[in-house]
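I opened this model to look up how its strands and helix fit together. My entries follow in the order I made them.

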Amino acid sequence: MAHLVLTIDSDSDRRKQFVARALASLQSLPGLRVAQAEIGQLAVVWAHGISAPQSCHLTTDAFALLLGYA
């Protein structure tokens, strides 16, 4: 199982509040690994089962996330 939340918001304070709330919500769920990434105006928070595969690629101008098997 995977959970994914994201926002695109030019207001950095509002984006940070979003990330904090998303992290708190997902971290309260047992048995999940929680991660986050931000690039420009995009903020992403995701959680996946400990044994579930995941891959994340983040550079200064690109973001890619694979949850599960391709």
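**Strand pairing and one helix residue**

I started with a strand pair: E1 and strand E3 (residues 42-49) run antiparallel and are joined by seven bridges. I keep in mind that this is a predicted model. I then looked up one bridge in E3, where His-48 is the partner of Ala-2.

Next I asked about the whole sheet: what is the order of the three strands? I found an open sheet with the order E1-E3-E2 and antiparallel pairing. Strand E1 (2-8) and strand E2 (32-39) are the edge strands, and each pairs on one side only. I also looked up the turn between neighbouring strands of this sheet, which is 10 degrees on average, direction ignored.

I moved on to the helix. Helix H1 (residues 12-27) packs on the sheet and touches E1, E2 and E3. The direction of H1 makes about 5 degrees with that of E3.

I picked Leu-26 for a closer look; this residue sits in helix H1. Is Leu-26 buried or exposed? Its relative accessibility is 8%. Buried means under 20%, so Leu-26 counts as buried.

Which residues is Leu-26 in contact with, leaving aside its neighbours within four places in sequence? I noted His-3, Leu-32, Val-34, Val-45, Trp-46 and Ala-47.

Last, I checked a distance. Leu-26 and Val-5 are 21 residues apart along the chain. Their C-alpha atoms are separated by 9.7 Å.

Technical notes: Residues are numbered from 1 along each chain as its sequence is written. This is a predicted model: local features need pLDDT of at least 70, side-chain atom pairs count only at pLDDT 80 or more; totals for chains, interfaces and linings use all residues. Side-chain values use heavy atoms; hydrogens and water are left out. Two strands pair if DSSP finds at least two bridges between them. Helices (H or I, at least four residues) and strands (E, at least two) are DSSP runs, numbered from the N terminus. Axes are lines fitted to C-alpha atoms, for helices over the stretch in contact, and angles run from 0 to 180 degrees between N-to-C directions. Contact means heavy atoms within 4.5 Å. Buried means under 20% relative accessible area, exposed over 50%, partly exposed in between (1.4 Å probe, protein chains only).
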